[in-house]
Amino acid sequence: MGGTRAVALLALGSFAMGTDAYAMAGLLPGIGADLEVSVSLAGQSVTVFTLCYALAAPLFSAVLARWGTRTVLITALVVFVLANAGTALTGSYAGLLGTRALAGAGAGLFTPAAATAAGALVPPERRGRALGLVLGGMSAGTVLGVPLGLLVADRSGWRTALWLITGLGVLALLGVATRLPAVTGAAAPDLRARLGALARPRVAVVVAVTFTQTVASLGLYTYLQPVLQRTASIGSAVPHLWVWGIGGVCGSFLAGALVDRTGKPAFLAVGLLGTLATALALLPFTGAVPGLVLLPLFVWGVVGWAFVVPQQHRLLAGDGAGGAAAVGLNSSATYLGGAVGSALGGLALAGGLDARWLPLPAAGVALAGVLFHLAAVGAFAGRGARTGRSTTDHANGTRAADATTDGDLERNAP
């Protein structure tokens, strides 16, 4: 099978993951009512999912490092399917948390392996588009799978929606198991390789910025339905989730082409993060004009999903296991940030914060990520300038000043 078709199979798996991860935000009221817990407690099922997503690959890295990429992908999808079937069958809050933890572990194994495989299946000049396609599969799960799941839940209950997600996982499993070719390279670098990647300053900065982005974006998304109800007095969140998902699809696919065309992923990442902070900060103030809330929702979807592509592209610039280890680390940071954001959001709501204002602290976290990124860029640029001065004659030291140009700054950017 050709590289593009093989990447499409990975996108199908990502579609199932995206539907599962993001449909839960709309199912929380039904789950809470059925299991007799509050929405904030039901929201901790998302925290458990994202936490296990973040920790799955690092915890099992010693075993997975000996497996091939294709084997890891198949195993991850088997765990994912069984876990979602378990969620659909559970009758207790403890069962909900346990099965969501397993589903998160399956997703956490699948996503970094899929990103690594996508980068290996195509030539380097098409890597950005391949990553965008895999990520686009996940965001497509939000624009197609999530509204479909919520419509099914409205008619037949949240358990039926989970059976729908389980079916998507089965389709992805069959496709990957029967059609995906062997992929050269380790699917899951061992723990030493991951820690070695974190020890590299540029990788550490990229991963830290990813963490702040997902605390803000994924953490807030968990409670999007109560936020929208308080902000715009909406009845059903399905159309609004659809708009967010459409933005995500657009951002995922366009970001890959933009990275390939500009060759400036660091500048693209910081611009997207700044735009995210602005959109979230404006969200609570859009309720006075009917329909206006859709604009920041769409922008949030675009930049929130697009952000992942330049981050992964920068990390895959590492050779061999170094790039794969960095991508795995970034994937863990993505969902660790989502877990932290979901937990903090639940605590804030339980503590009495009006859901309308929850986007404001999320915007503050995103802004902190921007400032941290800019400070790191300045530090690397300054270090590059000092290095340049130490290796050239003082009379020719003006070369170091050129590090402030766009091209040199991108090279110095973490």
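**Stop 1: Gln 225**

Select Gln 225 and show what is around it: leaving aside neighbours within four places in sequence, Gln 225 is in contact with Ala 25, Gly 26, Pro 29 and Ala 237. Before you go on, keep in mind that you're looking at a predicted model. Is Gln 225 buried or exposed? Its relative accessibility is 15%, and buried means under 20%, so Gln 225 counts as buried.

Now widen the selection to the helix that holds Gln 225, which is α11. Pick residues 224-232 to see α11, then colour its buried residues: Leu 224, Gln 225, Val 227, Leu 228 and Thr 231. Turn the view until you look down the axis of α11; the buried residues fall within an arc of 160°, so they line one face of the helix. Step off the end of α11 and you land on Ser 233, which has a positive phi, near 55°.

**Stop 2: Leu 358**

Next, select Leu 358. You'll find Leu 358 in the loop between α16 and α17, and α17 itself covers 359-390. Leu 358 has a relative accessible area of 6%, so this loop residue is buried.

What does Leu 358 touch, apart from neighbours within four places in sequence? Its contacts are Leu 220, Tyr 223, Val 227, Gly 345, Ala 348, Leu 349 and Leu 353. Val 227 should ring a bell, since it's one of the buried residues of α11. While you're here, draw a distance from the C-alpha of Leu 358 to the C-alpha of Leu 280: you should get 9.3 Å, though the two are 78 residues apart in sequence.

**Stop 3: Gly 301**

Jump to Gly 301, in helix α14. How accessible is Gly 301? Its relative accessibility is 0%, so Gly 301 counts as buried. Show its contacts, again skipping neighbours within four places in sequence, and you get Trp 244, Gly 247 and Gly 248. For another distance, try Ser 217: its C-alpha and that of Gly 301 are separated by 9.0 Å, with these positions 84 residues apart along the chain.

**Stop 4: Thr 275**

Now for a residue that isn't buried. Select Thr 275, in helix α13, which runs over residues 265-282. Thr 275 has a relative accessible area of 34%, which means it is partly exposed. Not counting residues up to four places away in sequence, Thr 275 touches Val 299 and Val 303. The C-alpha atoms of Thr 275 and Val 303 are 7.0 Å apart, and the two residues are 28 apart in sequence.

**Stop 5: the cavities**

Time to look for empty space. How many cavities of 30 Å³ or more are there? The count comes to 3. The largest has a volume of about 300 Å³. To find it, select Leu 135, Met 138, Trp 305, Val 308 and Tyr 335, which are the closest to its centre among the 23 residues of its lining. Several helices each give at least two residues to this lining: α1 (3-35), α6 (93-121), α7 (127-156), α10 (201-221), α14 (294-306), α15 (308-315) and α16 (321-350). Colour the lining by class and you'll see 13 nonpolar residues, 10 polar and no charged.

Move on to the second largest cavity, with a volume of about 110 Å³. Select Ala 21, Tyr 22, Val 46, Thr 50 and Thr 222, which lie nearest its centre out of 14 lining residues. Here α1, α3 (44-59), α10 and α16 each supply at least two residues, and α1 has the largest share, with 4. By class, this lining has 9 nonpolar, 4 polar and 1 charged residues.

**Stop 6: the cores**

Which residues have the most contacts inside the largest nonpolar core? Select Leu 10, Tyr 22, Leu 27, Tyr 221 and Trp 300; the core has 104 residues. Its largest share, 16 residues, comes from α1. There's also a second, separate core of 13 residues, including Val 207, Ala 326, Val 327 and Ala 333.

**Last stop: zoom out**

Show the whole chain as a cartoon: there are 19 helices and 0 strands. Of the 414 residues, 55% are buried. Among contacts with a separation of 6 or more, 86% join residues 24 or more positions apart.

Notes: Residues are numbered from 1 along each chain as its sequence is written. This is a predicted model: local features need pLDDT of at least 70, side-chain atom pairs count only at pLDDT 80 or more; totals for chains, interfaces and linings use all residues. Side-chain values use heavy atoms; hydrogens and water are left out. Buried means under 20% relative accessible area, exposed over 50%, partly exposed in between (1.4 Å probe, protein chains only). The arc is that of the directions from the helix axis to the C-beta atoms. Contact means heavy atoms within 4.5 Å. On a 1 Å grid over the protein atoms alone, a cavity is a set of points where a 1.4 Å probe fits but cannot get out, and a pocket is an open set with protein on both sides within 12 Å along at least five of seven lines; lining residues have an atom within 4 Å of a point. Grid points are joined across faces, edges and corners, and a volume is the space filled by probe spheres set on the points. Ala, Val, Leu, Ile, Met, Phe, Trp, Tyr, Cys and Pro count as nonpolar, Asp, Glu, Lys and Arg as charged, and the others, Gly among them, as polar. A nonpolar core is a set of buried Ala, Val, Leu, Ile, Met, Phe, Trp, Tyr and Cys residues joined through side-chain atoms within 4.5 Å.
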